[in-house]
Structure formats: C-alpha cells, structure tokens
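Work through these exercises with the structure open beside you. Try each task before you read its solution.

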Amino acid sequence: AHPPISAAAKSAAETTPPPSLPASRGLAGKLRDGECLVKGKAAGTPTPTSADQLGWKGLLEFSRSSGAAGVLYSGTSAGTEERHKRSDAEIEICCTAHTNTRVRHLVKSVIRGLKACQEPERPREGMGGTYFFMNENGRKVGILKPCDEEPLAPNNPKGYVGRQLGDPGWKPTVRVGEAAMREVAAYLLDHDGWAKVPTSVLVRARHPIFCYNNRMSSVRASSIDLAAKDTGVGEGGEESGSKESHAPLPMKLGSLQEFVWHDCDTSEIGTSRFSTSDVHRIGILDIRLFNTDRHAGNMLVRMPRETSSTDLKSRIADAKYELIPIDHGFCLPETLEAPYFEWLHWPQAMLPFSEEELAYIKRIDIEADKELLRKELPNLRPECLRVLEISTLLLKHCAEAGLTLFEIASIMTRPFEGGGEDLSDLEKFSSYARSVIDSLSESDEEDDDSSIVESCSDDDDESSSECERGGGRHKNRID
C-alpha cells in the first residue's frame, strides 16, 4: 500500500531525524499517522480493480467504450460534426465523463480544419511525436501527442525508442505511454484557469502524418487492436475480404491541447519582465502536481496586446509579459523523486504570497481533486494520487505558516552535496514517517500476541475462542 522507497531513503530514515517544517504540525501529524501514505478509496467511486485496468492498458480498454457518440450529444445526431471521419483521417473525444465548452470548441476547430483539407504539421522540435492541427483558415489551433510516439515508445518518430508501453520512461516514475493522462490531469486541476493551462482532452485519432513504422510489432496492442473495434482489422493487419493496403490506418490514443499563440519562451527573455502573480500561479500549480520537468522551454511568453502607449519602444519597456505553462506529461510521478522548477531562483519566487493567492491555496480541496481525477481519469495510477495529496498538503500547511514559494519548493528539491544528489527534506520526512509507522505496527503486534497467549493459557476451551476473536480484532486494527 506504500509507494516504493529506495535503499538510500531507507538508510536515511534510520539515521536522519525528521527535518523541521515551521508551524506545519498538522502536516507532520498526518504523515506520522500515515494518512498521506495510505488512503482508502472513496465509497461508491468506480475504480479499477486490477493492474491491467491501470495505466496505458486500462486507458486503451476504457477508450473503446467512450468515444464521441453519447459524449457531446445524447441524440442520434452525435458525431455529425464532432466525429469527423474519412478514409485516412479521424478524430474523436474519448475517455472523459463529460466535456465542456472549451473542449468542444477545440475539437470542432480541428475537425473543420480537416474538412477544409488543412493538413497537420510535424515540427522538428521535441523528443516525442507532436502534431499541429489547423482550423479551416489554416491557423494553428491544437497540438496532438499520440501515446505510442512519446519518448522511448515504440513508434517514436525521432528515434528515441527502446521501451514498451508501460515500461519506466524518460523519467523512471512516469511510464511510457502515460504522459497523455497527466496532460489532461494538469488541465483538470487548474481550477478556473488559475495558472492558464491550455485546454486538454484525450482523443482517438488517425492520420497519414502519424508515425506507423512499428505497426505490426509490439505497438499492435495500442493501435491496431484499438482500430479493430470500428474497422474489423485483425491482428494480421488485414480486414476480412480485403488487402492490407486498403485497410484504414490504426487509431491512436493521445492528448489534444489547445495551441497557444506566443512571442517566445522564458529562455529568450529576462525574468524581470515577468509578473510576480504569473510566477506564483505557475509555481503553485507545479508544487501541487509535483512537476519534475518545469524547464524554461515549457513556459511560453506572450506580450500584452492592449496598452495605452503608442510608442513601441516604451510599450516593450513597460510591459509585464504573460506566462502560459505547457507540457505537463512529467507531472504526478508514481513516487517522490527530484522535481525541477526553473522558477526556483527567480526573484518573484522569494516574495510572499498575496492575499488572493493564499485564499486560493486555502480553498484547494484535496479529496475533491482526487475524486475528480478518479472520475475523469480512472486509469491514473493510485500512486499518483498519493503524491498529489502529499504535495498539496505541504503547499497548504507551509503557505499558512508564511513560507514563500522558494522555501516550499526547496523542501521538495534535492540538494547537491559532496558532488552528488542528496534526498530532499520531504523525502527524508516521508521515509522517517514510514519507518515510525512500520516499527509501531510491529511493536503493537508483538504486544498483542503476547497478551493473547497469556490469557489463553488460563482457560482451555472457553477462553480459546475468545482469544481467536480478540486476535482478529487486533489484526484488523494494525492493518
């Protein structure tokens, strides 16, 4: 029931006392009591019951029965515009309990572009398969990232291959093929667009521009098998009574995000031009999601379009640039590891939170967030929800205690000592808490067993049955 702990963490737990978290006794108590490390599922919530229903395998199975029909409209007209279909291209929403206006607008824009013969583009940047989709006017509106073209996935078009779907990926705590779910999770958890995460949704799609270079091998389970539901394509890649060359391309699972028009990213401009509010909002999101890959390239910069100054030079000098966070495929890892926050040493991160930001943090409902992800992304692994709970608790208690964004992130970040990387304070604290829980459980079990044996030795028949019942009660409490 616990996330895995490395040998280094276990060694640290035996020798290192819990680091001090100023005025965060509530968090410390919850960690010591195991509430953050072991949580039960909410009653009545449909959750996967086996390992095959989690991760990319469960996502594949879930997508088969959750296409656009019945999602966008409840009548027979569903699929006339939202589910565009032709001989070589198709896209539809899947794997969601409901859609909103922004999601529907995004998918409709992509469909109108395909109908107008606006072909997608594949950029050279990035390590995974990424495709820009246009609207009917040829303007970029969406970015599609197929699951089987992620870094190290079998159909990666950039040559970064070598793993199977579900194996540890570029980040060991994020499995190959499961980044798409995290993209959508970041959008769902950005309540009311607080940090401006672009609209994201899981889709099924096919198009000749996608990479199918491994079509008949191990990726068969994630693409050809998915196509069999609608097209009748078998494992041999042939449709009954037709040749393989006439069979439709396999459907692919992936995430579709809104394309955000921007001027540059944060690597191309000085940090003094960024507003404290934007930096804090992205930082709050990153801490909640335990983002392991917030680098300069995935924070887009957009200059305000409205200004009172007509002089371009003074407009550029006075403007505060807008920040938009993208690329959240490496957030919500399965266990605590080394996060990366590009903004950690920016001056804005060392300033105190505003009253508005503190109020937002206080309103965050951890259980509601977990329930939302269970509903919308039931195949997201439960370990990811535990990390979300721990990181959000850390944020809430530390913000209440008056810590800055820099101070909170420093608790999560691994320091470099002696030429190497040491465990973070949060990792040490969690490891110590687990060691205390384990030792208390073992001690209670030994004490209970010895008391039961002594009482059982007094009477032969009547007490023996009572002792068995008592032992069961103690065992349930320990579990």
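**Exercise 1. Find how far the sulfur of Cys331 is from the closest cysteine sulfur, and decide whether the two are bonded.**

Solution. This is a predicted model, and every distance below is computed from it.
- Step 1: The closest cysteine sulfur to that of Cys331 belongs to Cys384, 8.6 Å away.
- Step 2: A disulfide needs the two sulfur atoms within 2.5 Å.
- Step 3: The sulfurs of Cys331 and Cys384 are therefore too far apart for a bond.
- Step 4: The count for the structure is zero disulfides.
- Step 5: Check the surroundings. Cys331 is buried, at 0% relative accessibility. Cys398 is buried too, with a relative accessible area of 1%.

**Exercise 2. Determine which residues of helix α9 are buried, and how they are arranged around its axis.**

Solution.
- Step 1: Locate α9, which covers residues 355–363.
- Step 2: Pick out its buried residues: Glu357, Tyr360 and Ile361.
- Step 3: Look down the axis of α9. The buried residues fall within an arc of 95°, so they line one face of the helix.
- Step 4: Turn to the other side of α9. Glu355, Lys362 and Arg363 are exposed there.
- Step 5: Find the partners of the buried residues. They pack against α5 (179–189), α7 (276–289) and α11 (382–400).

**Exercise 3. Locate the two partners of the salt bridge between Glu334 and Arg175, and say which is buried and which is partly exposed.**

Solution. Side chains of opposite charge can pair when their charged atoms come close.
- Step 1: Check the distance. The side chains of Glu334 and Arg175 meet at 2.6 Å, N to O. The cut-off for a salt bridge is 4 Å.
- Step 2: Place the residues. Glu334 sits in the loop between β9 (322–325) and α9, and Arg175 in the loop between β4 (140–146) and α5. The pair links distant parts of the chain, 159 residues apart.
- Step 3: Compare exposure. Glu334 has 11% relative accessibility and counts as buried. Arg175 is partly exposed, at 26%.
- Step 4: Widen the view. Arg175, Glu178, Glu334 and Arg381 are linked in a network of salt bridges. The whole structure holds 24 salt bridges.

**Exercise 4. Explain how Glu367 and Lys370 are placed in helix α10, then examine the pair Lys428 and Asp422.**

Solution.
- Step 1: Glu367 and Lys370 form a salt bridge of 3.6 Å, N to O.
- Step 2: Both lie in α10 (residues 366–376), three residues apart, so about one helical turn separates them.
- Step 3: Glu367 is partly exposed, at 40% relative accessibility. Lys370 is buried, at 2%.
- Step 4: Now take Lys428 and Asp422. Their closest N and O atoms are 3.3 Å apart, and the two form a salt bridge.
- Step 5: Lys428 counts as buried at 18% relative accessibility. Asp422 counts as partly exposed at 25%.

**Exercise 5. Identify the nonpolar patch that contains Met127, and place Met127 along the chain.**

Solution.
- Step 1: The surface patch is formed by Met127, Tyr160 and Trp170.
- Step 2: Together the three have about 270 Å² of accessible area.
- Step 3: Met127 lies in the loop between α4 (101–115) and β3 (131–134).
- Step 4: Patch residues need over 30% relative accessible area. Met127 is partly exposed, at 31%.

Terms used. Residues are numbered from 1 along each chain as its sequence is written. This is a predicted model: local features need pLDDT of at least 70, side-chain atom pairs count only at pLDDT 80 or more; totals for chains, interfaces and linings use all residues. Side-chain values use heavy atoms; hydrogens and water are left out. Patches are made of residues with over 30% relative accessible area and no salt bridge: like charges are joined within 9 Å, nonpolar side chains (Val, Leu, Ile, Met, Phe, Trp, Tyr) within 5 Å. Accessible areas come from the Shrake-Rupley method with a 1.4 Å probe; for residues, only the protein chains shown count as cover. Helices (H or I, at least four residues) and strands (E, at least two) are DSSP runs, numbered from the N terminus. Buried means under 20% relative accessible area, exposed over 50%, partly exposed in between (1.4 Å probe, protein chains only). The arc is that of the directions from the helix axis to the C-beta atoms. Contact means heavy atoms within 4.5 Å.
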